[in-house]
Structures are given as structure tokens and as C-alpha cells.
Amino acid sequence: MSHSDNHRNKEERAFATKLLHFGAEIDEHTGASSVPIYQASTFHHHNIFEPPPYDYSRSGNPTRQALEDYIALLEGGARGFAFASGMAAISTSFLLLSAGDHVIVTEDVYGGTYRLLTSILDRLGIETTFVDMTDFEAVKAARKANTKAVYMETPSNPTLKITDIAQVTAWAKEHGLLTMLDNTFMTPYHQRPIEQGVDLVLHSATKFLGGHSDVLAGLAVTADDRLGRRLKQLQNGLGTVLGAQESWLLMRGMKTLQARMEASERSARRLAEWLEAHPAVERVYYPGLANHPRREIHEKQSRGYGAVVSFDVGSGERAKALLSRVRLPLVAVSLGAVESILSYPAMMSHAAMPKEVRAERGITDGLVRYSVGLEDINDLIEDLDAALRGS
Ligand SMILES: *Cc1c(COP(=O)(O)O)cnc(C)c1O
């Protein structure tokens, strides 16, 4: 019996406690205070008549397994899986589909997912229809005889559009469709999609879960064991697994998820309100703002608003000027770290998307995305104010 099994079930504890007491936090063999890094590719068969619990690290590694159980616990799912990147998690999951299948995808999906669907999976005969998922009629209208899955991202990237998770999953279930959701922006601290009926939750753990801009990783959680077995077969068959070192590093970052998310969210709310009143800013996107479209739906399905604030400064020239003047945030692709990160979707995350398609989706040349870190918010505001005023 492990240390944390003695009293209350670990599933029943508060989220903050689960982050520290997830089952493998104390090494059973030595009492070590963190999960050992099993830097091994293969495992000795002590008894050739009895298969060992671990056989070969692509198929299973104890360090990775600890992380996989950890994310399953946090999302409230049956099985977790760790991948080499968010895109490895997403692409492996899409291979649950077969040639001839059709998937309905939120139109302002992450740029890399858009690229996967429109330049790789299309060649393999997997067909996609992108829809504005804030329009439920449009989602329903997109269903065809060969539709097999629905893929959501809420709040979406970078304009933070809200999909009603329970509404879409209830409809998808009626039609036997698999539901997948990219939960990168919210993390299981703010939003647990499995509780809303989603079958498969995906993460770029490179972002908030890792939290320190020092590890590339992806995670997936299935709501049930049956889907878990299918995804396990794909993870092993494709070999898209996360290594032991990265698995350890990710768990190290995840322990502080709640503390980091709370602090960054508090600052993001202040930043969004300040930006709304700024004369150089044309539009602010943040689910915590009173006028954010479908805010009440977001509040029904999430416990917070996250740390990503997007805003439009009106033109590409102004956006580039801003990016070259800020002193504090990292100007980079990515988000969800201890340091603030300012990115420029038109030239970075959404560069793969044709300009016309971007424009249709509100990803204008003046749009920038601010991922609020743990710096003092007054310093961040002062820095941004100076950059916006051109000083
Ligand atoms: C970054 C990101 C991904 C891709 O993850 P990688 O770890 O970069 O492969 C997928 N979805 C969202 C929402 C992201 O922000």
C-alpha cells in the first residue's frame, strides 16, 4: 500500500492536494521524495514464464507511467498517456480515425492542428469540416454520413471563443461520435472536460502544465478504459512516447500548477481590464471580461478564466512596433509559463493558415496574444503601456 492510500481516496481530495499526493509521489522502494527517473530502454525478465510489468520503454516506462496516472487523476479520467509533444498527442489521437472518416473541428483551432488536418491527415483520407463552434446549428449542419468525431478547443486560440462543451458532447453522443477537446488553455485546474461528457482530453503540456518553458510534451486522458486501450495501441504502435527525463521534469512543474494558475489568472484579469480602457487597443479578448461573448457558458463549464489575454492594436505595423518595444515578456511562440510571453499569431502560431482564412477567424495582423506569467502585474502593465505609447 502506498503512503497516500491510507486515508481518504486520492480521487476525493481537493485539486491542490491531488497535485502533490497523486499516488507515486514517494518512491515505494527507497522513500525518495520524487519519482525515480528510470533511464532504461528495456527491462530484465526475472522469470521467463511470467511477463514483467515493464518490458520495453516504448510500451511502458515507470517514470512515464507515474505521469500518465497523474494526469488521469487530475482530469478525472480512466487512463492517461504522455507523448513527445502536444502535436504528438493530437496526431496520435486523430489516428483513432480511419481513411474515409470525417471530423468536425472548431474553426479557430491551434495552428499546428490545422496544419495536421489540412496537409497530412487529408492525404490519408481523413476529411475535416471547420465550423464556428459558437454556432451550434453550424455544428449540427456539418454532420455527414461518415462523420466520426468532433474536435473542440475552448476557449479557442487566440480569440478565446467559447464552445458549450456539454451541448456539443450530448449531441455527439446521440450520433455515436467521438468527442475530443484540447484543454491546453484551461488545464484541469480550471476545466475538466470529462465531467462535461468529453471522451478524450488533450494537452500541450509544453504550456501551463510544464509551466517553465523548458520541456516539450503532450498528454491525453481518456474517459474510459475501452478508448484507453485503443489509444495505448496507437501510442505504442506509433512510438510517439515521452522520454523518462521529460516525464520527470513535467511532473516537477505540475506540482505548482494551481499556485501558478491562480497568480497568473489574477494578473490576467487586471491586465485585460487595463487593456480595455487603453486608447491604443481596439479590442480585447478575455473570457473574464464582462462583455466577452458567451462568458456565461464559460463560467458554467470552467472554474476560472485562465492567463491568456489577446488584444488587437489595429494594424500589423503597430503590432510589430509593440513586439519590438516590450522589455519584460519573452517575445516568442508559446504560452503558459512562469515568465510572461507575448506572441504574434499572424506570424507565429497561425502562420500556416492562409491570410484570408485568418482574417475570417479574427486573427488579424494587429492581434497579439499575451500569456501572463508570475511577474509583478504593475511592472507588466507599465512595460506594456510604454510599448503601446511608443516610448
Ligand atoms: C502549443 C499548443 C499545441 C501543440 O503543442 P506542442 O507541445 O507545441 O506540440 C496544441 N494545442 C494548443 C492549444 C497549443 O497551445
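How many residues does the largest nonpolar core have, and which of them have the most contacts inside it? The structure is a predicted model, in which local features need pLDDT of at least 70 and side-chain atom pairs count only at pLDDT 80 or more, while totals for chains, interfaces and linings use all residues. Residues are numbered from 1 along each chain as its sequence is written, and side-chain values use heavy atoms, with hydrogens and water left out.

The largest nonpolar core (buried Ala, Val, Leu, Ile, Met, Phe, Trp, Tyr and Cys residues joined through side-chain atoms within 4.5 Å; buried means under 20% relative accessible area, with a 1.4 Å probe and protein chains only) has 78 residues. Those with the most contacts inside it are F94, V103, Y151, L219, L250 and M254. Helix α2, residues 62-75, gives the most to this core, with 7 residues; helices are DSSP runs of H or I, at least four residues long, numbered from the N terminus. Because domain 1 (3-100 + 173-254) and domain 2 (257-389) both give residues to this core, it lies between them; the domain bounds come from an automatic or database assignment. Another core, of 28 residues, lies apart from it and includes L289, L323, I377 and L388.

Turning to the ligand, 15 residues are around it (a heavy atom within 4 Å), and G86, M87, D182, T206 and K207 come nearest. Oxygen atoms of the ligand are found 2.8 Å from a side-chain N or O atom of S204, 2.6 Å from one of T206 and 2.7 Å from one of K207.

Key. Buried < 20%, exposed > 50% of the residue type's maximum accessible area, 1.4 Å probe, protein only. Helix = DSSP H or I, 4+ residues; strand = E, 2+ residues; numbered from the N terminus. Polar contact = N/O pair within 3.5 Å; in protein donor to acceptor, adjacent residues only side chain to side chain.
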